[in-house]
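Q: I would like to go through this structure with you. Could we begin with the overall picture and then turn to single residues?

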Amino acid sequence: MFYGLNNLIKTILPKRLFYRSLIIVATPIILLQIIITVVFFDSLWIKVNKGMTRSLVGEIRTLYDVYENPNQEQRQEIIGLYNQNFDFVISFKEKKMFPEKIEERWYSPMDRSLRRELKSVFQSSYWFDTTSYKEVVYLKIKYKNGFLQIFFPKSKIAPSSVRIFALWITLPGLLLILIAILFLKNQTRP
């Protein structure tokens, strides 16, 4: 039963000792890095992203509640503080059309988390765009006969540690594989 599988594996695997040894050394390093990356992204990075997004949506909900305050002077003061301290740009667009369709990027963790948190607070009365601007997210929330237009930095919902993690996970792995190649070359020399 396994005879055909053994022959297939023998034809795929390299014949020379150096390449076989390299596979024996490099495969565990590569598998370990893949496992660590998946565990990191699944547990830590997505949880951090979710927490940051939940906090941001809480701030946006507070702004929404501020707009319902009948005191115009107090409203402008609070909005000015948000613009100054939280890097928000907020304005109310009266009698403007609200986009009907949301372009969903299902492959973007940032979009998925923002959509999930906004939907739990604003149901379907929101629209956002994370691709038109490089460093800014454009958000619209239905309000009375128009919408609130909010711009905020992407750094509020995207952790910056991803690039550093990717660098730290790939460079040492490549360095270890290069060292293994050097040692294997000396060991398998006839």
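A: This is a predicted model. Among contacts in the protein between residues at least 6 apart in sequence, 64% join residues at least 24 apart.

Q: Which elements does the protein have, and in what order do they run?
A: The protein has five helices and four strands. Starting at the N terminus, the order is α-α-α-β-α-β-β-β-α.

Q: What is the radius of gyration of the protein, set against a compact globule of 190 residues?
A: The protein has 26 Å, whereas a compact globule of 190 residues would be near 16 Å. Along the principal axes, the C-alpha atoms fill a box of roughly 85 × 40 × 25 Å.

Q: And how much of the protein counts as buried?
A: Of its 190 residues, 34% count as buried. The protein exposes about 13,100 Å², and carbon and sulfur atoms supply 63% of that area.

Q: Changing topic: how far apart are the mean positions of the positive and negative charges?
A: They are 16 Å apart, for 27 positive and 15 negative charges.

Q: Now the interior. How many residues are in the largest nonpolar core, and which have the most contacts inside it?
A: The largest nonpolar core has 25 residues, and Ile60, Phe88, Leu114 and Phe152 have the most contacts inside it. Two or more residues come from each of the helices α2 (17-67), α3 (72-85) and α4 (109-122), and from each of the strands β2 (126-129), β3 (136-143) and β4 (146-153).

Q: Which element gives the largest share of this core?
A: Helix α2 does, with seven residues.

Q: What does Ile60 touch, leaving out residues up to four places away in sequence?
A: Ile60 touches Phe88, Phe122, Leu139, Ile141, Ile150 and Phe152. Two of these partners, Phe88 and Phe152, are also named among the residues with the most contacts inside the core.

Q: Let us move to Thr130. Where is it found?
A: Thr130 lies in the loop between β2 and β3.

Q: Is Thr130 buried or exposed, and why?
A: Thr130 counts as buried because its relative accessibility is 3%, and the cut-off for buried is under 20%.

Q: What does Thr130 touch, again without residues up to four places away in sequence?
A: Its partners are Arg105, Met110, Asp111, Leu114, Val137 and Lys154. Of these, Leu114 is one of the residues with the most contacts inside the largest nonpolar core.

Q: And what separates the C-alpha atoms of Thr130 and Phe88?
A: The separation is 15 Å, with the two residues 42 apart along the chain.

Terms used:
Residues are numbered from 1 along each chain as its sequence is written. This is a predicted model: local features need pLDDT of at least 70, side-chain atom pairs count only at pLDDT 80 or more; totals for chains, interfaces and linings use all residues. Side-chain values use heavy atoms; hydrogens and water are left out. The radius of gyration is taken over C-alpha atoms; the globule rule is 2.2 Å times the number of residues to the power 0.38. Buried means under 20% relative accessible area, exposed over 50%, partly exposed in between (1.4 Å probe, protein chains only). Contact means heavy atoms within 4.5 Å. Accessible areas come from the Shrake-Rupley method with a 1.4 Å probe; for residues, only the protein chains shown count as cover. Lys and Arg count as positive and Asp and Glu as negative; His and the chain ends are not counted. The place of a charge is taken as NZ of Lys, CZ of Arg, CG of Asp or CD of Glu. A nonpolar core is a set of buried Ala, Val, Leu, Ile, Met, Phe, Trp, Tyr and Cys residues joined through side-chain atoms within 4.5 Å.
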